[in-house]
Amino acid sequence: MPGTQLVNRLQDLKYRVLAVSDLTQLTAHAAETGTMFILADLASKRGNVCETIAKLRADKATAHIPIIAFADEAEESLQAAARAAGATNVVTDAAILSHFQQFIAQALQVD
């Protein structure tokens, strides 16, 4: 459910949103479309999201894209794997829903 809520909130904020269900296409799609940031649900049953995060970081065309990964707070191993893979921020489902706009602002902050 958090993923659906996030899509709705982003659309309400006038962001163009694309929910990608085929993780094998995410890196190419992000490179082609000029993606501003990625929200990654670590509990996806469609593939290994942490592996995809690592691929995004390894590709020069997508390495700069901020990635906010989220999972249930009980999924500590998934959260740790996302950090190791290179996620910009790793948060719980509850935190992403409560502090959504702050995480987006932080992700888009230019160093």
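Start by selecting helix 1 (2–12), helix 2 (26–33), strand 1 (38–41) and helix 3 (49–58): each of these supplies at least two residues to the lining of the largest pocket. Bear in mind as you look around that this is a predicted model.

Keep helix 1 highlighted for a moment, since with six residues helix 1 gives the most to that lining. Now bring up the whole lining of the largest pocket, 39 residues in total. To find the middle, pick Val7, Leu18, Ala19, Val20 and Leu39, which lie nearest the pocket's centre. The space in this largest pocket comes to about 1,100 Å³. Try colouring the lining by residue class: you should get 23 nonpolar, nine polar and seven charged residues.

Next, go to helix 3 and add helix 4 (residues 76–85) to the selection. The axes of these two helices come within 8 Å and cross at roughly 10°. Because angles under 35 degrees count as roughly parallel, helix 3 is roughly parallel to helix 4. Show side chains where the two meet: helix 3 brings Cys50, Ile53, Ala54 and Arg57, and helix 4 brings Leu78, Ala81, Ala82 and Ala85. By class, this contact holds seven nonpolar residues, no polar ones and one charged.

For the last stop, stay on helix 3 and click on Thr52, which is found there. Is Thr52 buried or exposed? Thr52 has a relative accessible area of 8%, so Thr52 is buried. Leaving aside residues up to four places away in sequence, Thr52 touches Leu23 and Leu26, so add both to your view to finish the tour.

Notes. Residues numbered from 1 in each chain as written. Predicted model: local features only at pLDDT ≥ 70, side-chain atom pairs only at ≥ 80, totals over all residues. Heavy atoms only, no water. 1 Å grid on protein atoms, 1.4 Å probe; cavity = no way out; pocket = protein on both sides within 12 Å on 5 of 7 lines; lining within 4 Å. Points joined across faces, edges and corners; volume = space filled by probe spheres on them. Helix = DSSP H or I, 4+ residues; strand = E, 2+ residues; numbered from the N terminus. Nonpolar A, V, L, I, M, F, W, Y, C, P; charged D, E, K, R; others polar. Axes fitted to C-alpha atoms, helices over the stretch in contact; angles between N-to-C directions. Parallel < 35°, antiparallel > 145°, perpendicular 65-115°, else oblique. Contact = heavy atoms within 4.5 Å. Buried < 20%, exposed > 50% of the residue type's maximum accessible area, 1.4 Å probe, protein only.
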